[in-house]
Amino acid sequence: MSDDEDYMSDKFLQETEKCNSSSLLYQHADKRTFQMMKKKIEIDTNLKEKSSVKYIEQQKREEGLSSAITSTNKGFELLMKMGYKPGHGIGKTESGMTEPIGLEVKLNRHGLGKGIKRKEMESKSSSVSDKLTNKNMKDFRGRVAQKKAEQLLKADLYKSQKVCEQLDMQLKIEKPMETWFWLPQDTEDDSDIEEIEEESLPDSEQLIILTKYLREKHFYCIWCGVAFHDKDDLKNNCPGNTRDDH
């Protein structure tokens, strides 16, 4: 085709179809040849495996294990003379085994006890792994529970300090009995800061002392959220002086 010919002409399209059709036929022929070769290799491989000594031994072994012992077998004859009945359990009370012990063929070259030892090691390793997993989960839950308890403790202490400050002010008390009875105040005196740091107690102890003060001085329970009328009213109507009691 010359350069002057139109690429949209019928001649141009016919040449294109010829090229495409020939290339497709070539691809189909190659694909079919490849499939035939692959199938032939698979057939040859199967024939080699079936003709191998290992395969023949396996077939004979499976045939022997799948077929029951006949009455011509010497061992079977001895069992019959001793009172054995086919299909019944062995022993005087016929409570023993009804099927022979399964045959486990050893196909590798490892020692006789190595397979058992390997199974024991795998079982032990799995047991240790399970224990570690359970321990890690237990530790994680313990840490979460401890963190939650600490958060609740801080929240209770904050609430107690806030309530104590409000109730003390209602009684015209200008200064808390202890510096930490009220919420921390901004101070510029370094001596006051050092005194607070020296007298600081763990949050749990602060909460116990402050709870006792609120109950005895103001008849107030932070978990009930109520200021009772008197000591007897507090004793009779409040479940207790801890969060767990409520």
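Q: Patches are made of residues with over 30% relative accessible area and no salt bridge, and nonpolar side chains are joined within 5 Å; which residues make a nonpolar surface patch of about 330 Å²?
A: The model is a predicted one. Leucine 78, which belongs to helix 3, has a relative accessibility of 53% and therefore counts as exposed, a value that also passes the 30% limit for patches. The residues that make this patch are Leu78, Leu79 and Met82.

Q: In what order do the elements of the protein run from the N terminus on?
A: The protein holds seven helices and two strands. Read from the N terminus on, the order is α-α-α-α-α-α-β-β-α.

Q: What percentage of the residues of the protein count as buried?
A: To count as buried, a residue must have under 20% relative accessible area. The protein has 246 residues, and the share of them that counts as buried is 13%.

Q: How much space lies in the largest pocket, and which residues are the closest to its centre?
A: The space in the largest pocket comes to about 530 Å³. Its lining consists of 18 residues, and the closest to the centre are Ile69, Tyr84, Thr98, Glu99 and Pro100.

Q: Which elements give two or more residues to the lining of the largest pocket?
A: The criterion here is a contribution of two or more residues to the lining. The elements that meet it are helix 2 (53-66) and helix 3 (74-81).

Q: How do the residues of the lining of the largest pocket divide into nonpolar, polar and charged?
A: For this division Tyr and Pro count as nonpolar, Glu as charged, and Thr as polar. Over the whole lining, the division is 10 nonpolar, seven polar and one charged.

Q: How many salt bridges does the count come to?
A: The rule asks for a side-chain nitrogen of Lys or Arg within 4 Å of a carboxyl oxygen of Asp or Glu. Among the pairs that satisfy it is arginine 243 with aspartate 156, whose closest N and O atoms are 2.7 Å apart. The count comes to three.

Q: How many residues apart in helix 4 are aspartate 139 and lysine 135, which are separated by about one helical turn?
A: The two residues form a salt bridge, with 3.2 Å between the closest N and O atoms. Aspartate 139 is partly exposed because its relative accessible area is 32%, and lysine 135 is likewise partly exposed at 49%. Both lie in helix 4 (residues 114-170), and their separation of about one helical turn corresponds to a spacing of four residues.

Q: Which parts does the salt bridge of lysine 154 with aspartate 203 tie together?
A: The closest N and O atoms of this pair are 3.0 Å apart. The residues themselves are 49 residues apart in sequence. Lysine 154 counts as exposed at 51% relative accessibility, whereas aspartate 203 counts as partly exposed at 24%. The pair ties together parts in helix 4, where lysine 154 lies, and helix 6, where aspartate 203 lies.

Q: What is the distance in space, C-alpha to C-alpha, between serine 204 and leucine 153?
A: Serine 204 lies in helix 6 (residues 203-218) and is partly exposed, with a relative accessible area of 35%. In sequence, serine 204 and leucine 153 are 51 residues apart. In space, the C-alpha to C-alpha distance between them is 6.9 Å.

Q: Is aspartate 156 buried or exposed?
A: Aspartate 156 forms a salt bridge with arginine 243. This pair ties together helix 4 and the segment after helix 7 (231-237), since aspartate 156 lies in the former and arginine 243 in the latter, 87 residues apart in sequence. Arginine 243 is partly exposed, with a relative accessible area of 37%. Aspartate 156 has a relative accessible area of 6%, so its class is buried.

Q: Where is the place of lysine 172, whose phi has a positive value?
A: Phi of lysine 172 is near 65°, although the residue is other than glycine. With a relative accessible area of 70%, lysine 172 is exposed. Its place is in the loop between helix 4 and helix 5 (190-199).

Q: What is the positive phi of phenylalanine 219?
A: Phenylalanine 219 lies in the loop between helix 6 and strand 1 (220-221). A relative accessible area of 25% makes phenylalanine 219 partly exposed. Although the residue is not a glycine, its phi is about 55°.

Conventions: Residues are numbered from 1 along each chain as its sequence is written. This is a predicted model: local features need pLDDT of at least 70, side-chain atom pairs count only at pLDDT 80 or more; totals for chains, interfaces and linings use all residues. Side-chain values use heavy atoms; hydrogens and water are left out. On a 1 Å grid over the protein atoms alone, a cavity is a set of points where a 1.4 Å probe fits but cannot get out, and a pocket is an open set with protein on both sides within 12 Å along at least five of seven lines; lining residues have an atom within 4 Å of a point. Grid points are joined across faces, edges and corners, and a volume is the space filled by probe spheres set on the points. Patches are made of residues with over 30% relative accessible area and no salt bridge: like charges are joined within 9 Å, nonpolar side chains (Val, Leu, Ile, Met, Phe, Trp, Tyr) within 5 Å. Accessible areas come from the Shrake-Rupley method with a 1.4 Å probe; for residues, only the protein chains shown count as cover. Buried means under 20% relative accessible area, exposed over 50%, partly exposed in between (1.4 Å probe, protein chains only).
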